[in-house]
Amino acid sequence: MIADHAAFFPARERNALPMTESTSKSESNSGRFYLTTPIYYVNARPHLGHAYSTIVCDAIARRKRALGIETWFLTGTDEHGQKIERSAKAAGCTPEEFATKLAGEFRGLWDRLGLTYDDFIRTTEPRHIRGVQHLFATLRDRGYIYKGSYTGQYCIGCEEWIEGPPGTVCPIHGIVTETVSEENYFFKLSAFERKLLEFYEANPEFMGPESTRREVVSFVRSGLKDVSVSRSTLSWGVPVPGDEKHVVYVWMDALANYITALGYGSDDDQKFKKFWPADVHLIGKEISRFHCVYWPAFLMAAGIAPPRSVRANGWLLFDQGKMSKSRGNIVRAETVQEVLGADALRYFLLREIPFGQDGNFSFDALVQRYNGDLANGYGNLVSRVVNMVHKYFGGVVPEAGAETQAETALHANADAAIATFGPAFDELNFSDALKSLWALVAETDGYLTANAPWKKPPERSDAEHAKLQARVLATAAEAIRVITALVYPIVPDAAAKVWAQLGLGELVDAAKHGFLKDLAWGGLKAGTKFGEPSPLFPRAEKEAIERMQSLEDENSRTAVEAVSGGSVVEEAKAPAPAPEKQEPAAVPARPSVPKSPMTAAKPVAPLAAKAEAPTAPVAAAPVAPQAATEAAAQGPQHITIDDFAKVELRVAQILVAERVPKADKLLRLEVDLGTEKRQILAGIAEYYEPEKLIGRKIVIVSNLAPRKMRGLESNGMLLAASLEGGAPVLAGFLEDVPLGARLK
Ligand code: MSP
């Protein structure tokens, strides 16, 4: 029976978690803390959705370090699997080249945003590959992995088997799943049903938020079947040790990063011994099943302690849909950073979105929060106080003297903020933590206004006024010190500037020495020499929104992410139909993505059949300039048979047809080519009712380079007779023809 972590790791106390422990308990802990982000797929460049999880982890890591806790913060990239292999192929380069460029994009962005990860793991690194093979071999040696074969529906977007008949559409990605048949290794997940339930029961803090816990528990209760943990129709992965025609299933490969990065399976596993089990795996809600069911089961099977907790964040939405590359509705972190700074982004994400829930991102809301809370709130308060200390006291903190009722009240409010901020933050309730801290910002502002140290009433003597100024400014400066110390993990750049202006030196150094551990009122001593005032959050005008919008419009209009010739390039997009050009982001193709990630798919049982692997879609090779010139020289009306042979025309059947929101002319089609399914966008919405197209056999140009319209990728072009002044007529057949048949 799996009772709790102590059964695995009796030597290490369950100290730093659960996250719901009070601040005093976790803060008084001089233990260690290991937290991780999900590792990001390198099939596309990072966007705000990815930055969100990483920023949350960075804030947690900064706070833990500032509390004097030895912290290890891991992030990285997930580089194997069919999705990456196909993206690389479409971009005309090797998976290695593709992955290296994109991993560089992620790492580069994290550095640019100042994120303080301790390690960045790539799943293509030897240290990881070795560790995955060690894990696989251990599971096999312990009798938890066996060989079988399976036919089922596979979603490449999820890199996951989806339950349902051929033609089933993935509820997350909205694309038709592929029928895949292969010989696989299976993991005996079914053996862990009871053990997992007991484990959840014994460790109520293991997963959160509550909605995730409920979904996971009911998923496990509904019965676990064994899962396939290898692929034999793909080579871009970690070879199964001893049977190299198989690669390890990408999710087992990916999950293992949390231990391989610590040296699991290597000669030097000191870090693994020191930091495992992880205190928090921070993940997006749609991958909770992998982290709360498969991962602990793999670990239990290998005799390794499961992580202490998994916490799922909600989705960042933009234009009503989950922000994602496939929907084309992304905003890049760089855009916000460039216009308002990284702190503004961090503050907005943590204040605006209650952790665990979905949250809307909009430039308007961002600027409103920025101006209200940062420019007019905290920034303005700091600037008023620092400037007055310079003006009235030559930049030296005066002696406050005895507290009056007003100071006692502010002091009590600051004590209350210290007491409430930590526990709320440690429960990942960042929004409430900040709300309570901003109450102290407002109280300090109100205290200043009520005592008006800049105004001397005629009845007050000079000496009395100087005393009041000293008391009020020293007290307000102390309140700012407390606010700044607490908010540091969330707005580290601004906090460092304020710390220096308060004459307290380098905040980064202070953080290294655990300055938050003993945070209490009264730390700013009289006689401290202030630094020079410097602006923190200049007010954002309307142009800031326009600038961010135009940066994103520009990016989505003119750039398609691609990797070519070994370097990431911005490739000019084929011109989109005129009315669509304005829109930077497409509304999701499928509006009803279920909120519950647990309903997306079920684990699968091995079946007997074995068939050919599906073929990957191949992007058309660009015509070499020389060949194009030759063709032109022959005259526009003639082409050679070789030229014609370059165009691959195939029979396809329409499985799904629907209008593209806000695009009058476009239909989004999912078509079946027999060996694969594709998404195609066609400008026929004015002439064909989508419902009437379903099931119809058509002809498509199947080797046309993919292009993007309204943020959606079109993989091919359908053929229609183009009648001058009339409606186009789709090409079709009178006799029955098999899907995928080539027209020559
Ligand atoms: N590679 C897997 C994770 C393996 S972890 C062992 C994966 N990668 S991903 O790139 O698709 O997503 C990585 C993380 O980014 C996920 O937690 C996902 O939820 C998060 N996000 C991607 N888009 C997001 C939003 N729009 N909003 C919030 N988080 C989002 O899944």
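This text walks through a predicted model, beginning with the surroundings of its ligand and then turning to two buried acidic side chains. Residues are numbered from 1 along each chain as its sequence is written, and side-chain values use heavy atoms, with hydrogens and water left out. Because the model is predicted, local features need pLDDT of at least 70 and side-chain atom pairs count only at pLDDT 80 or more, while totals for chains, interfaces and linings use all residues.

Around the ligand there are 24 residues, a residue being near when one of its heavy atoms lies within 4 Å of the molecule, and those that come nearest are Asp78, Gly284, Glu286, Leu316 and Met323. By class, this shell has 13 nonpolar, eight polar and three charged residues, where Ala, Val, Leu, Ile, Met, Phe, Trp, Tyr, Cys and Pro count as nonpolar, Asp, Glu, Lys and Arg as charged, and the others, Gly among them, as polar. At least two residues of the shell come from each of β2 (40-41), α2, α8 (250-255), α9 (257-260) and β13 (280-284), and the largest share, three residues, is supplied by α8. These elements are DSSP runs numbered from the N terminus, helices being H or I with at least four residues and strands E with at least two.

Polar atoms of the protein also approach the ligand. A backbone N or O atom of Ile39 lies 2.8 Å from a ligand nitrogen, and a polar side-chain atom of Glu286 lies 2.8 Å from a ligand oxygen. The protein covers 95% of the 660 Å² of accessible area that the ligand has on its own, as computed by the Shrake-Rupley method with a 1.4 Å probe.

Helix α2 (residues 48-66) also holds Asp58, which is buried at a relative accessible area of 0% (buried means under 20%, exposed over 50% and partly exposed in between, with a 1.4 Å probe and protein chains only). The side chain of Asp58 makes a polar contact of 2.7 Å with that of Arg346; such a contact is a pair of N or O atoms within 3.5 Å, and within protein one must be able to donate a hydrogen and the other to accept it, with residues adjacent in sequence counting only if both atoms are side-chain atoms.

Glu552, in helix α20 (residues 542-558), is likewise buried, at 5% relative accessibility. Its side chain is joined to that of Arg332 by a polar contact of 3.0 Å. The C-alpha atoms of Glu552 and Ile330 are separated by 8.5 Å, although the two residues are 222 apart along the chain.
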